[in-house]
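Subject: A structure to look through

Dear colleague,

I am handing over the structure we spoke about, and below it I have set out what was found, so that you can follow each point with the sequence and the 3D view side by side.

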Amino acid sequence: MSTATARANANIAFIKYWGNTDNDLRLPVNSSISMNLDGLHAQTTVTWDDGLEADTFALNGKAHFGEALRRVSRHLDVLRQRLNIEARARVESSNNFPTGAGIASSAAAFAALTVAGVAAAGAALTERELTTIARLGSGSASRSVPTGFVEWHAGSTHDESFAESFAPPDYWDIVDVIAVVSQQHKQVGSSAGHHSALTSDLQAARVAGAEQRFETCRRTILERDFAAFADVVEHDSNLMHAVMMTSRPPLFYWLPPTLTIMEQVRQWRAEGLRVCYTLDAGPNVHCICVRDDAEQVSQRLHAISDVLDVRLARPGAGATIINI
Ligand code: PMV
């Protein structure tokens, strides 16, 4: 029996991943960029146990069966094959943020599962390979393995589709002020959404400009140019949601307060606050702002009646082993 615990932060994408060229390998149609979210983490313990007859999975203390367990088990199969082991595993995971509501819980979960599973087997793989394995569980999980500001290269093979850090967490003092407007689990998960992305006439146009937005976003982060960053980040989020809304069947992740907050953020920026919005596959609004304006943004969000909670996250570290 061998065990290890790892922790991985969620991440927020500034240039979005939406749609695959290969659904099984989760090879994305475009490269993406994100920032890890300090303190919004999944913590996962993996115990490989020869005495177990089947994998088990508990999330936040509750045993899970059905599709959730199958997805974890499929990822354990990948690890078993790569590490040459046959034992089944006990997986115990906990999140300290709402699951399935636009804070990428699957990213943190599969990054932590990958790093804990490999460490528990006593193996040492390169960070690059860990990102490719995490990707097989959930595409965005590849970006939660490296530290700080991360780029995921789309690539066209399993080995080429990897993520790496391009700036450490302390490189740029920006904050993700997250307006939580729903804590419900989303109706349509992102895997199904990736599969239907091409049914939108707009996906081809989104993908055509993605490389240029990727370069612009990367440069604005490295130059700490907030105005240009805000412009490309909001545009990229709007493009992804336009694809979602025009897919068949359509995916509407926004709720009425989502739109209210997006309008407010644009207004606040016009008044001089350095803030912009971005949304993943859920209704919660990630308000990205420079540190000096974060308190002000947080207060203004609290004053909006439909906002249930406000969470602040600074740029975070990559996945780490905390116990072995
Ligand atoms: O990793 P997945 O399959 O949960 O997809 C994540 C998709 C978005 O969060 C909407 C965008 C992104 O790049 O994180």
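In this predicted model, an oxygen atom of the ligand lies 3.4 Å from an N or O atom in the side chain of Ser106. Two further side chains can be described in the same way: for Ser140, an N or O atom of the side chain is 2.6 Å from a ligand oxygen, and for Arg143 the corresponding distance is 2.7 Å. Taken alone, the ligand would expose 380 Å², and the protein buries 97% of that area. If you wish to look at the surroundings as a whole, there are 14 residues around the ligand, and the closest are Tyr17, Ser138, Ser140, Arg143 and Ser190.

The next topic is charged side chains. Side chains of opposite charge can pair when their charged atoms come close. How many salt bridges does the structure hold? The count is 15, and a few of them are worth following one by one.

One of them joins Glu129 to Arg82, with 2.4 Å between the closest N and O atoms. Because Glu129 sits in helix 3 (residues 127-137) and Arg82 in helix 1 (residues 66-83), this pair ties together parts of the chain that are 47 residues apart in sequence. Glu129 counts as partly exposed, since its relative accessibility is 23%, and Arg82 is also classed as partly exposed, at 41%.

Another salt bridge is formed by Arg300 and Glu271, whose side chains meet at 3.1 Å, N to O. This pair, too, links distant parts of the chain, 29 residues apart: Arg300 belongs to helix 9 (residues 291-302), while Glu271 lies in the loop between helix 8 (256-270) and strand 11 (275-278). Arg300 is partly exposed, with a relative accessibility of 27%, and Glu271 is partly exposed as well, with a relative accessible area of 49%. Elsewhere, Asp55, Asp77 and Arg80 are joined into one network by salt bridges that share partners.

A further pair is Glu223 with Arg219, where the closest N and O atoms are 3.6 Å apart. Glu223 is partly exposed, its relative accessible area being 49%, and Arg219 is partly exposed at 41%.

Finally, please look at the cysteines. Why does the structure hold zero disulfides? Two of the cysteines can be checked directly, bearing in mind that a disulfide requires the two sulfur atoms to be within 2.5 Å. The sulfur of Cys217 has its closest cysteine sulfur in Cys276, and at 9.2 Å that is too far for a bond; for Cys289 the closest one belongs to Cys287, and the 7.3 Å between them is again too far. Both residues are shut away from the surface by the accessibility criterion, as Cys217 is buried at 0% and Cys289 is likewise buried at 0%.

Cys276 itself lies in strand 11, and it is buried, with a relative accessible area of 0%. Beyond its neighbours within four places in sequence, Cys276 is in contact with several residues, among them Phe226, Phe229, Val265, His286 and Ile288. The C-alpha atoms of Cys276 and Val290 are separated by 9.7 Å, and these two residues are 14 places apart along the chain.

With best wishes

Conventions
Residues numbered from 1 in each chain as written. Predicted model: local features only at pLDDT ≥ 70, side-chain atom pairs only at ≥ 80, totals over all residues. Heavy atoms only, no water. Salt bridge = Lys/Arg side-chain N within 4 Å of Asp/Glu carboxyl O. Helix = DSSP H or I, 4+ residues; strand = E, 2+ residues; numbered from the N terminus. Buried < 20%, exposed > 50% of the residue type's maximum accessible area, 1.4 Å probe, protein only. Contact = heavy atoms within 4.5 Å. Near = heavy atom within 4 Å. Polar contact = N/O pair within 3.5 Å; in protein donor to acceptor, adjacent residues only side chain to side chain. Areas by Shrake-Rupley, 256 points an atom, 1.4 Å probe, with all protein chains shown as cover.
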